[in-house]
Protein chains: 2
Amino acid sequence: MKIPAVKGTRDFYPPQMAVRNFIVDGWKAASLRSGFEEYDGPIFEHLKMYQVKSGDEIAEQLFSLTDRGGRNLAIRPEMTPTLARMVNQQIHALPRPIKWFSVPRLCRAERPQKGRLREFFQWNIDIIGAEDVLADAEVIFCAVDYLKSAGLTAKDIVVKISSRKMLASLLEAVGLEDNQLAGVYAVLDKKAKIPDEAFEAMLQETLPDAAIRGKVRKVMSAVRLDDLSQAAALTEQAKAAVDELKRLFDLLEKMGISEYVQFDIGVVRGLAYYTGVVFEIYDRGRSPRALCGGGRYDNLLSDFGGPKVTATGMGMGDCVLEILLREKGLLRDGDLPTRKLDYYLVTADSSLGQKAVELAAAIRLRGRRCDFSYKGGNLGKQLKQADQSGAAKVIILGEEYSRDQMLVIKDMKSGQQAQAGWEAFLTSLSGA
Amino acid sequence: MKIPAVKGTRDFYPPQMAVRNFIVDGWKAASLRSGFEEYDGPIFEHLKMYQVKSGDEIAEQLFSLTDRGGRNLAIRPEMTPTLARMVNQQIHALPRPIKWFSVPRLCRAERPQKGRLREFFQWNIDIIGAEDVLADAEVIFCAVDYLKSAGLTAKDIVVKISSRKMLASLLEAVGLEDNQLAGVYAVLDKKAKIPDEAFEAMLQETLPDAAIRGKVRKVMSAVRLDDLSQAAALTEQAKAAVDELKRLFDLLEKMGISEYVQFDIGVVRGLAYYTGVVFEIYDRGRSPRALCGGGRYDNLLSDFGGPKVTATGMGMGDCVLEILLREKGLLRDGDLPTRKLDYYLVTADSSLGQKAVELAAAIRLRGRRCDFSYKGGNLGKQLKQADQSGAAKVIILGEEYSRDQMLVIKDMKSGQQAQAGWEAFLTSLSGA
């Protein structure tokens, strides 16, 4: 009975697992460099958790299930509701700011396509309880620090930054009502992703008044942050939001990543819950889809029954990132070893097979990685296996061992050989 | 709207995540020491994957779901079917023996109890395509190597080993039919777990013939492997199986772990699919539940539509292990840091806050872990935060910096202080 894998999921054979570990380990290392602590939640939550933010229709995009007690559950499609639930549960015990990261496995019941699978991994970092734009700078810095460490330069990627708070003020100043904003954001978020005519049609539907549309277009045509402060008499609120953005860019410059970041009023983010700074990271070449997105959200904890505590964060998926790293030659099949052996043992004579087992075990018990051939076979064949294993060193139980109980230790990189007695060799491992 | 976590799942706040990482990292390290490669599969598979081995009734113990295409899926309750599927898919491309490990998240829809949750992590190691008992020895060695590295001694735990092949021969020799074996195994597996009378009742139901029961009891009373070879005229098959077991114990002795292992004819394993060596690891003190179990299975790949290739492996869950490690004092709350900072920055004066941001970013971009206080506040308070952060070193931007641009670097362990200029300090990081 042959059963295939479920469509839109991935099998991680050792070479693919090495790629996943390479990405995930990079995320974790960057998070820890910036002082974030790791957390995780269950793979499923009560279905209604996901309906709080996104309405009942979200259920269609989820893998939902019913347990034996009749509870409606769903495999997590995103981490933020779990984060909000967990933080709310311990809000009075957790010292702030809370700087947390996670690398959850997430599932979405959507049609699989390039860079978008039904099961994926997403790096999440969030800072909760820090109002200052410094927290937004830290989130952006941490994302860039990772991408930089993966080999992506400012020529490869760009962080486009804007502010919902600023945009809201500017749009309200040209006559939009507060309750129109969410709809306009959703349309503006589509601008770079759909043809111009389709965008115009959507905008017209959302804003039937041509005069208002003209003013909105003018607002959205601002290229530099300074254009905005000069172009119009700003409301107090808009001025404060522009100043906050300026301070953010100042901080990012001080942090040494100014060449990676730029103001872009067109970055709005589709989700309703952002309330301040928003950003997206794109491949500078082509930008079919953001590599990463995030921003400030002030109401999420309270939406989940907690107090009103401000927060800012971001998410980065593994699929689009892997495609980009491959395109840039920063990730090549076969570059990543599936295991990094310290030693591979070979025997000149099958009678020494048991000695190899004994030595391998002793090496492992001393904390080193070691393997050997089960089948034995001639020395040349075993040396070839040793080479393929990628081990740093090969230990030969050969003539020298049969004659003088001496192990021959060969460094596979330099080709240099040394000899050592059994006990002396093991002692050298314990000492290191 | 306050929504709780799903019953029987765990939230991994940073302290709990540190425990999980401690366990999982230990598993991974032991696997790599013994030359295993990591793999993983999707979190869900087609439901029928789990019915192949365990029948339709297994569906009740699973979290099953239906996707939009109407496919019946289930969250994985174990890893072996995924392993069999993946190996079968590439059976002709994979060099043998295949030595793989994985640390899957698994879910079972059972009633949560101590040491048994509805969501847990399980270390799996398997060797496929190696017939020799050396492969079984490697699996047992790797499990013991991990437990030893976690601090468990031969006084704490014991690996109880037997052989299905041997037991089958012995039971057939006293008159049992081949088709009775699976039923008898299931009963014998219960012996240590249920009261004597309950066991007797079950045995009587499975084997109504009192004479046969007496003979089975006699077989099961063997304490030493040598008892078996001496007690009865063994069939050729039984003799071969006893010899194989003896060779296994020989190998384990050569591998240096003989004090951890013992023969125990009572170890049978409940699952139908074992065909050779079987083993379970117990807490020597009380053994409410095996810490780990495994053995040889020859038919699994072919059950899943592949060729008949022999395999051996084991699984170890995180819940029972964590309880044991805590009982033995090998894992204490608060022992594991949630983040290991290299540096924590404090400022004597709020005017230096921006400098701290700049320095933190520079330190992080040079690959070190660094954090600082967002709020600033007085030096004493910040130094206390630095201490609580567990950072190895504290860098003070104080008077010395205001006056001479000198950073004061304090080693938190030794208490020793040193001074360095900004550039000289950063250069020292790049060099390391």
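Visitor: Which residue stands opposite Val159(A) in strand 9 of chain A?
Guide: That's Val261(A). Strands here are DSSP runs of E with at least two residues, helices are runs of H or I with at least four, and both are numbered from the N terminus. You're looking at a predicted model, where local features need pLDDT of at least 70, side-chain atom pairs count only at pLDDT 80 or more, and totals for chains, interfaces and linings use all residues. Residues are numbered from 1 along each chain as its sequence is written, while chains are lettered from A and ligands numbered from 1 in the order in which they are written.

Visitor: How do you know that strand 8 and strand 9 of chain A pair?
Guide: Two strands pair if DSSP finds at least two bridges between them. Strand 8 and strand 9 (residues 261–263) of chain A share three, in the parallel sense, so they pair.

Visitor: And which way do strand 8 and strand 10 of chain A run?
Guide: Antiparallel, with seven bridges joining strand 8 to strand 10 (residues 277–283). Val158(A), for one, stands opposite Tyr282(A) in strand 10 of chain A.

Visitor: Why is Ser430(B) called what it is, buried or exposed?
Guide: A residue is buried with 20 or more other C-beta atoms (placed from the backbone) within 10 Å of its own, exposed with 12 or fewer, and partly exposed in between. Ser430(B) has 9, so it's exposed. It is found in helix 16 (residues 422–431) of chain B.

Visitor: How many residues of strand 8 of chain A are buried?
Guide: Six of its seven, so strand 8 (residues 157–163) counts as mostly covered.

Visitor: What is Leu345(B) in contact with, leaving aside its neighbours within four places in sequence?
Guide: Contact means C-beta atoms, placed from the backbone, within 7 Å. By that test, the partners of Leu345(B) include Ala356(B), Leu359(B), Phe372(B) and Leu397(B).

Visitor: How many residues does the contact take from chain B and from chain A?
Guide: 70 from chain B and 70 from chain A. On chain B's side, helix 13 (residues 353–365) gives the largest share, seven residues.

Visitor: How are the two copies related, and why?
Guide: Superpose them by least squares on the C-alpha atoms of residues with pLDDT of at least 70 in both. Chain B then lands on chain A with an RMSD of 0.0 Å after a turn of 180 degrees and a shift of 0.0 Å along the axis. The copies are therefore related as by a two-fold rotation axis. The same surface serves both, as 100% of the contact residues of chain B recur in chain A.

Notes. Two residues are in contact if their C-beta atoms, placed from the backbone, lie within 7 Å.
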